[in-house]
Amino acid sequence: MISKIIENFKKKSLKERFLLVISLLNFMAFCFLGLLLLFWDKLKLNLPNNLQIIAGCLIILFGFIRFITQVKRLNNLDDE
């Protein structure tokens, strides 16, 4: 399975590979920001604790959705 993913990655054009790597970095940044909101107590925001947890979860979810849509978009480019 991993060899198939690597093989498909090598078949993509340079532009598609670049966009995939950028979307992966974007996903990692959103996850980091969401985890920062969830677990870092020294972060001084004027938000109640439950709202800070909700915001962290929503940021992680947003990053995940963006990554999935980008991968689907790149797969649609392959099909054309």
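In what follows, Lys and Arg count as positive, and Asp and Glu count as negative. With that, a starting point: the protein carries 11 positive and 6 negative charges, and the mean positions of the two sets are 7 Å apart. Keep in mind that this is a predicted model.

Now the overall layout. The protein has three helices and zero strands. From the N terminus on, the order is α-α-α. The C-alpha atoms fill a box of roughly 50 × 20 × 20 Å along the principal axes. A compact globule of 80 residues would have a radius of gyration near 12 Å. This protein has 16 Å.

What share of the 80 residues is buried? The share is 16%. The accessible surface comes to about 6600 Å², and 69% of that surface belongs to carbon and sulfur atoms. Next, contacts. Take those between residues at least 6 apart in sequence: 59% of them join residues at least 24 apart.

On to helix H2. This helix covers residues 14–39. Does its length agree or disagree with expectation? At 1.5 Å a residue, its 26 residues should span 38 Å, and the end C-alpha atoms are 37 Å apart, so the two agree. The buried residues of H2 are Glu-16, Leu-20, Ser-23, Cys-31, Gly-34 and Leu-37. A word on helices in general. An α-helix has 3.6 residues a turn, so residues three or four places apart point the same way.

Two neighbours in H2 make a good pair to look at. Ser-23 sits in H2. Why is Ser-23 called buried? Its relative accessibility is 10%, and buried means under 20%, so Ser-23 qualifies. Leu-24 is also in H2. Leu-24 has 39% relative accessibility, so it counts as partly exposed.

What does Ser-23 touch? Leaving out residues up to four places away in sequence, Ser-23 touches Phe-67 and Gln-70.

That takes us to helix H3, residues 49–79, where Gln-70 lies. Gln-70 is buried, because its relative accessible area is 13% and the cut-off for buried is under 20%. Setting aside neighbours within four places in sequence, Gln-70 is in contact with Leu-19 and Ser-23. So Ser-23 and Gln-70 appear in each other's contact lists.

Further along the same pair of helices, look at Ile-59. Ile-59 lies in H3. Which residues does Ile-59 touch, not counting those up to four places away in sequence? They are Phe-30, Leu-33, Gly-34 and Leu-37. Two of these, Gly-34 and Leu-37, are on the buried list of H2.

Let's use Gly-34 as a reference point for distances, C-alpha to C-alpha. Ile-59 and Gly-34 are 25 residues apart along the chain, and their C-alpha atoms are separated by 5.3 Å. Leu-24 is ten residues from Gly-34 in sequence and 15 Å from it in space. Asn-49 is 15 residues from Gly-34 in sequence and 14 Å from it in space.

One last residue. Asn-49 lies in H3. Is Asn-49 buried or exposed? Its relative accessibility is 57%, and exposed means over 50%, so Asn-49 counts as exposed.

To recap. Three helices, zero strands. Ser-23 of H2 touches Gln-70, which lies in H3. Ile-59 of H3 touches Gly-34, a buried residue of H2.

Definitions and conventions
Residues are numbered from 1 along each chain as its sequence is written. This is a predicted model: local features need pLDDT of at least 70, side-chain atom pairs count only at pLDDT 80 or more; totals for chains, interfaces and linings use all residues. Side-chain values use heavy atoms; hydrogens and water are left out. Helices (H or I, at least four residues) and strands (E, at least two) are DSSP runs, numbered from the N terminus. Buried means under 20% relative accessible area, exposed over 50%, partly exposed in between (1.4 Å probe, protein chains only). The expected span of a helix is 1.5 Å times one less than its number of residues. The radius of gyration is taken over C-alpha atoms; the globule rule is 2.2 Å times the number of residues to the power 0.38. Contact means heavy atoms within 4.5 Å. Accessible areas come from the Shrake-Rupley method with a 1.4 Å probe; for residues, only the protein chains shown count as cover. The place of a charge is taken as NZ of Lys, CZ of Arg, CG of Asp or CD of Glu.
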